[in-house]
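Ready for some practice in reading a protein structure? Work through each exercise on your own, then compare your steps with the solution.

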Amino acid sequence: MKQYVIRRLLIGIFVLFGVSVILYSLVRLMPGDYVQNATAGNPKITEEMRENMRRVYGLDTGIVEGYVKWMGKAVTGDFGNSFVYDKPVVDVITSKMWNSFALSAMAFVIQILLAIPLGIISATKQYSKLDYTLTTFAMLGISMPSFFLAAILQRFFAIGLKWFPLSGMVTAREDFEGFRHLLDVSWHYVLPVVVLAVISTGALMRYTRTNMLEVLNADYIRTARAKGLSEHKVIYTHAFRNTLIPIVTLVGGMLPSLFSGSMITETIFAIDGIGNTAYNCLKQGDIPLVMGFNMFLAILTLLGTLISDILYAVVDPRVRYN
């Protein structure tokens, strides 16, 4: 198993190298002066900033020399300064990602608490009215766009009933501190958390149901029932334990989204997270931050895959890392 993890790490490093080549190529191989064209619509960007950008990406040298120069700085975490925020890209990402983490973490917990139990119930009640109802709910969550669901919630609960704020992270013209500030932020997070939870729960629920049905039809489950074990013990001790392995794979892929944010949802609800920040910088031609954000996503994806591999040993006693 140790060799398997090392092999996955090597593959991850190779993929990360490929991502860096693609990102760098977007700047170097575009026709014309890419820095000038991408930043032409932003009056905040001076010619001095553009010249600095050309030096950072080695546009005044050959493509190989320029890539080595850029990659050498990127490895140390130096992606240059953001045009929009006039701060190092790493500082901008680290300051914004925690708002996204708080939002996504709450949605992630709700998703796990809803999807896995509902998936198990749907599998054990196959072809019943409850199964059809839960399946319909799951398909709605899978097929419904996040911007559409967000607009519906804003229309009914923010504009119509006025139960929740329309957007933002804090109440305007208020300066709460301590626990009051935490409650205020949490109240603003309710609608975006619901959006993220609903659109994510359906896929995980269907995945849990499918894997649970496969396990319930296995020979060892029939043997456990033949021994006279209770249905609760058969499902939650024998069947569910073996269902966890593929679920861990899927959940591990979700972990990067806790820090990378949700660009559409954060933008609609004006959440000052990394997703909304990346969207605004993309519109304004902030090349350093966009490239740093994409490298950030690539690293998170590789970490999520590695965490999934490690969690196999937690859910399956047969897997050991020696």
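**Exercise 1.** What covers the buried residues of H6?

*Solution.* Keep in mind that this is a predicted model.

Step 1: Find helix H6, which spans residues 129-143. Its 15 residues reach 21 Å from first C-alpha to last, close to the 21 Å expected at 1.5 Å a residue.

Step 2: Pick out the buried residues of H6, which are Asp131, Leu134, Thr135, Ala138 and Gly141. Looking down the axis of H6, these buried residues fall within an arc of 125°, so they line one face of the helix.

Step 3: Look at what covers them: the cover includes helix H5 (89-124) and helix H8 (178-216).

Step 4: Turn to the face of H6 that points away from the buried side; there you meet the exposed residues Lys129, Tyr132, Thr133 and Ser143.

**Exercise 2.** Find the salt bridge between Asp131 and Arg209, and say which helices it ties together.

*Solution.* Step 1: Start with the general idea. Side chains of opposite charge can pair when their charged atoms come close.

Step 2: Check the distance. The side chains of Asp131 and Arg209 meet at 2.9 Å, N to O, and the cut-off for a salt bridge is 4 Å.

Step 3: Place the partners. Asp131 lies in helix H6 and Arg209 in helix H8, so the pair ties together parts that are 78 residues apart in sequence.

Step 4: Ask about burial: both Asp131 and Arg209 are buried.

**Exercise 3.** Asp272 and Lys96 also meet in a salt bridge. Is Lys96 buried or exposed?

*Solution.* Step 1: The N to O distance of this pair is 2.8 Å. Asp272 sits in the loop between H11 and helix H12 (274-283), while Lys96 belongs to helix H5, so the bridge links parts 176 residues apart in sequence.

Step 2: Lys96 has a relative accessible area of 12%. The limit for buried is under 20%, so Lys96 is buried.

Step 3: Now try the partner: at 31% relative accessibility, Asp272 counts as partly exposed.

**Exercise 4.** Which helix gives the largest share of the nonpolar patch?

*Solution.* Step 1: List the members of this surface patch of about 650 Å²: Phe147, Phe148, Ile152, Phe156, Met263, Ile264 and Tyr279.

Step 2: Match them to elements. Helix H7 (146-160) and helix H11 (263-268) are the ones that give two or more residues.

Step 3: H7 supplies the largest share, with four residues.

Step 4: For a last check, take Met263, found in helix H11; at 33% relative accessibility, Met263 counts as partly exposed.

How values were computed:
Residues numbered from 1 in each chain as written. Predicted model: local features only at pLDDT ≥ 70, side-chain atom pairs only at ≥ 80, totals over all residues. Heavy atoms only, no water. Patch = residues over 30% accessible without salt bridge, like charges linked within 9 Å, V, L, I, M, F, W, Y side chains within 5 Å. Areas by Shrake-Rupley, 256 points an atom, 1.4 Å probe, with all protein chains shown as cover. Buried < 20%, exposed > 50% of the residue type's maximum accessible area, 1.4 Å probe, protein only. Expected span 1.5 Å × (residues − 1). Arc of directions from axis to C-beta. Contact = heavy atoms within 4.5 Å.
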